[in-house]
Amino acid sequence: MTKRTLAAASVAAAALALLFSSSTPLRAEHKHSPEVQERSGANPLIEEMRRLDTVFKEIVSGVALGDGVRVHRAIETMHGAREKTEEALHAGEIKPPKNSGKLEKFEMMDKEFHGDLEKLAEAASKDDRTGMLRLTKKLMDGCVRCHAAYRK
Ligand code: HEC
């Protein structure tokens with residue numbers, strides 16, 4: 001083997017290694033241990049949060065790479081989650097672990113958050129990178145504010 005083919009071969013090997021290292025965690029993310037599934041039970045708020053958690057990581061990657069399609073696709077998978085949570089809240093089947101007496105404010109924060117998620121989907125469909133960044137930062141503030149008020 002010449003020096004040049006050797007160099008080419010090691011570049012190819014490095015590229016392959018990169019490919020595998022980046023695809024492995026993606027696959028692992030979709031696997032839920034039985035323990036995690038059991039803990040989530042039938043609480044739609046916790047279900048929504050776990051989905052949102054995965055979706056938001058994908059959003060961050062999409063925004064970081066200026067990839068509106070990736071951001072839009074991630075948000076689409078959230079559809080229906082909020083409605084289930086809201087129904088369960090109204091039916092009194094679930095309540096936030098903290099400040100459960102202040103449901104009105106909770107709903108306001110939730111409504112604003114999901115409104116911003118819709119706006120982010122719009123910005124993503126226009127590939128508006130400045131808008132995507134601004135809204136993603138605002139959403140991040142939303143996670144922290146709501147948890148501070150309603151999560152133990
Ligand atoms: C309007 C309120 C609200 C917003 C906004 C919100 N959360 Fe939550 N989240 C909660 C509450 C309440 C809990 C606690 C639920 C419980 O333990 O019963 C929670 C729990 C979680 C959990 C823990 C789930 C588990 O397995 O116990 C994760 C992860 C999470 N949220 C992620 C996020 C992320 C990421 C965002 C923002 C992109 C976000 N949340 C935005 C209210 C909110």
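Trainee: Which residues of α6 are buried, and how do I read that word?

Mentor: Count neighbours. A residue is buried if 20 or more other C-beta atoms lie within 10 Å of its own, exposed if 12 or fewer, and partly exposed in between, with C-beta atoms placed from the backbone. In α6 the buried residues are Asp110, Leu117, Leu120, Ala121, Ala123 and Ala124. Keep in mind that this is a predicted model: local features need pLDDT of at least 70, side-chain atom pairs count only at pLDDT 80 or more, and totals for chains, interfaces and linings use all residues. Residue numbers start from 1 along each chain, as its sequence is written.

Trainee: What do the buried residues of α6 pack against?

Mentor: Packing is read from contacts. Two residues are in contact if their C-beta atoms, placed from the backbone, lie within 7 Å. For α6, the buried residues pack against α4 (68-76) and α7.

Trainee: How many helices and strands does the chain have?

Mentor: Elements come from DSSP runs: helices are H or I with at least four residues, strands are E with at least two, and numbering starts at the N terminus. Here there are seven helices and zero strands. Along the sequence the pattern is α-α-α-α-α-α-α. Of the 152 residues, 14% are buried. Of the contacts between residues at least 6 apart in sequence, 61% join residues at least 24 apart.

Trainee: What span does α6 have from its first C-alpha to its last?

Mentor: Compare with the ideal. The expected span is 1.5 Å times one less than the number of residues. α6 has 23 residues and reaches 33 Å, close to the 33 Å expected.

Trainee: What happens to the backbone just after α6?

Mentor: Look at phi. Asp127 takes a positive phi of about 55° there. Asp127 is a residue other than glycine, and it belongs to the loop between α6 and α7. Asp127 is partly exposed because 14 other C-beta atoms lie within 10 Å. Now look at Asn99. Asn99 is not a glycine either, and its phi is positive, about 50°. Asn99 sits in the loop between α5 (81-90) and α6. It has 14 C-beta neighbours inside 10 Å, so Asn99 counts as partly exposed.

Trainee: Which residues of the largest nonpolar core touch the most other members?

Mentor: A nonpolar core is a set of buried Ala, Val, Leu, Ile, Met, Phe, Trp, Tyr and Cys residues joined through C-beta atoms within 7 Å. The largest one has 13 residues, and Val71, Ile75, Leu120, Ala124 and Met132 touch the most other members. α3, α4, α6 and α7 each supply at least two residues of this core. The largest share, five residues, comes from α6. Take Val71: leaving out residues up to four places away in sequence, it touches Ile59, Gly62, Val63, Leu120, Ala124 and Met132.

Trainee: Is Val55 of α3 buried or partly exposed?

Mentor: Partly exposed, because Val55 has 19 C-beta neighbours inside 10 Å. Beyond residues up to four places away in sequence, Val55 touches Ala74, Ile75, Thr77 and Met78. Val55 and Glu76 are 21 residues apart in sequence, with 9.4 Å between their C-alpha atoms.

Trainee: How many residues surround the ligand, and which are the closest?

Mentor: Nearness is a C-beta test: a residue is near a molecule if its C-beta atom, placed from the backbone, lies within 6 Å of it. Around the ligand there are 20 residues, and the closest are Met49, Asp53, Asp110, Cys143 and Cys146. The elements giving two or more residues to this shell are α3 (44-64), α6 (103-125) and α7 (129-150). α3 gives the most, with seven residues. For chemistry, Ala, Val, Leu, Ile, Met, Phe, Trp, Tyr, Cys and Pro count as nonpolar, Asp, Glu, Lys and Arg as charged, and the others, Gly among them, as polar. The shell divides into 14 nonpolar, two polar and four charged residues.

Trainee: What is the mean pLDDT of the chain?

Mentor: pLDDT is the predictor's confidence in each residue, from 0 to 100. The chain mean is 84, and 73% of residues reach 70 or more. Over residues 18-40 the pLDDT is below 50, and this stretch has five contacts in the model beyond near neighbours in sequence.
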